[in-house]
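User: Please take a close look at one part of this model, namely the sheet and the residues that meet within it. I would like the local contacts set out in a connected account, with the criteria stated.

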Amino acid sequence: MAELVPLRAGALAVDIAPHLGGSLTAFTRGSEHILRETPLTALSDKKPTLAGSYPMIPFSNRIADARFAFGGETFQLNRNFGDSPHAIHGNAWQRDWTVEAAEPSEARLSLDHDPAEGARAREWPFAYRAEQSFVLEPDSLTITLSLENRDSRDMPAGFGLHPYFDKQGASLKFAADTVWQSDDRLLPTERTAVPEGWNCRDFRTMDEIAPVDHLFEGWGGVAEIVYPDRNLSIRIVAEPIFAKLVVFRLDERSFFAVEPVTHMVDAVNRMDGVANHGLQVLAPGAAIRGTVRFEIGTLR
């Protein structure tokens, strides 16, 4: 089984799996799971989507039909998510990461993507370097993502984090100004006000939130999750580059996701027609970075 990088600080513990897309396979407080529990099969079968959290680099969510045009060229990507017709969450979550530094409560991982290697251009046609840094303190976990364009051309760029939480006993609170409605292919159609079923300006239990797999805007970089029966609070605080938030909650799933991201769904195909899409264009050698902090507390 692939080796994990453990971090420890007070009662908090994190396990990082470099060879599972740089994912988190555990984030706990004592015996309690803060993120959903990762099954052993995630590592043995190399399935990062079963982990507690993983990075989405160099784009988040979907690129429609795994195809886009940019810089006068048209690119076809791999359809990399089961039977979905789209390219989803970039390619970094499917790659092995390198451990650059590891200390008792801090670690740094890197990933160098070269589209000239084999068939990797179908993963992403631009060369890049990505890094994740992790800092665990007795009351928080801070994750910083960075993405540098190592290509000779401009590159569309974005990223996000995809943490999963147990649905049982959870309540969620976040403020948002608008939401992107989606069609039956889970691609955005129009911005609207947030419907009452998804309005979480005050805490709402998972049973009170309508099924959702949508991108919210104007969320202010703060979302809160509480488990009253477990005396556990989780406050997600993201830097302004994470201007969008994807929330996923379906009745048939035992988990939900609250994902800080930098850009809208299918942004690379919407850049000409949508204001504030969030995707950035990096010149050769340019980079973006952003930090998300998970503050862990008690309710009483």
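Analyst: The account below begins with the sheet, then turns to individual residues and ends with the largest pocket.

The model is predicted, so local features need pLDDT of at least 70, side-chain atom pairs count only at pLDDT 80 or more, and totals for chains, interfaces and linings use all residues. Residues are numbered from 1 along each chain as its sequence is written, and side-chain values use heavy atoms, with hydrogens and water left out.

An open sheet of nine strands runs in the order 10-11-12-13-26-22-21-16-19, with antiparallel pairing. Its edge strands, each pairing on one side only, are strand 10 (98-102) and strand 19 (204-205). Strands (E, at least two residues) are DSSP runs numbered from the N terminus, and two of them pair if DSSP finds at least two bridges between them. In general, the strands of a sheet pair through backbone hydrogen bonds, either parallel or antiparallel.

At one end of this order, strand 10 and strand 11 pair in the antiparallel sense over four bridges. These two strands form a hairpin with three residues between them, and Ala102 has Ala107 of strand 11 as its bridge partner. Strand 12 pairs with strand 13 (residues 140-149), also in the antiparallel sense, over 10 bridges.

Arg129 belongs to strand 12 (residues 128-137), and its bridge partner in strand 13 is Glu148. The relative accessible area of Arg129 is 15%, and the residue is therefore buried (buried means under 20% relative accessible area, exposed over 50%, and partly exposed in between, with a 1.4 Å probe and protein chains only). Leaving aside neighbours within four places in sequence, Arg129 is in contact with Glu100, Ser110, Leu111, Asp112, Ser146, Leu147, Glu148 and Arg150, where contact means heavy atoms within 4.5 Å. With Glu100, the side chain of Arg129 makes a side-chain to side-chain polar contact of 3.3 Å. A polar contact is a pair of N or O atoms within 3.5 Å; within protein, one must be able to donate a hydrogen and the other to accept it, and residues adjacent in sequence count only if both atoms are side-chain atoms.

Ser110, located in strand 11 (residues 106-113), has a relative accessibility of 2% and so counts as buried. The side chain of Ser110 likewise makes a polar contact with the side chain of Glu100, at 2.6 Å. Residues up to four places away in sequence not being counted, Ser110 touches Trp97, Thr98, Glu100, Arg129, Ala130 and Glu131. Glu100 is thus a side-chain polar partner of both Arg129 and Ser110.

For comparison, Glu190 lies in strand 18 (residues 188-193) and is partly exposed, with a relative accessible area of 47%. Beyond its neighbours within four places in sequence, Glu190 is in contact with Val179, Trp180 and Gln181.

Finally, the largest pocket has a volume of about 610 Å³. Of the 25 residues lining this pocket, Arg62, Phe81, Asp213, Phe248 and Arg253 are the closest to its centre. Strand 15 (160-166), strand 23 (244-249) and strand 24 (255-261) are the elements that give two or more residues to the lining. A pocket is an open set of points on a 1 Å grid over the protein atoms alone, where a 1.4 Å probe fits, with protein on both sides within 12 Å along at least five of seven lines; lining residues have an atom within 4 Å of a point. Grid points are joined across faces, edges and corners, and the volume is the space filled by probe spheres set on them.
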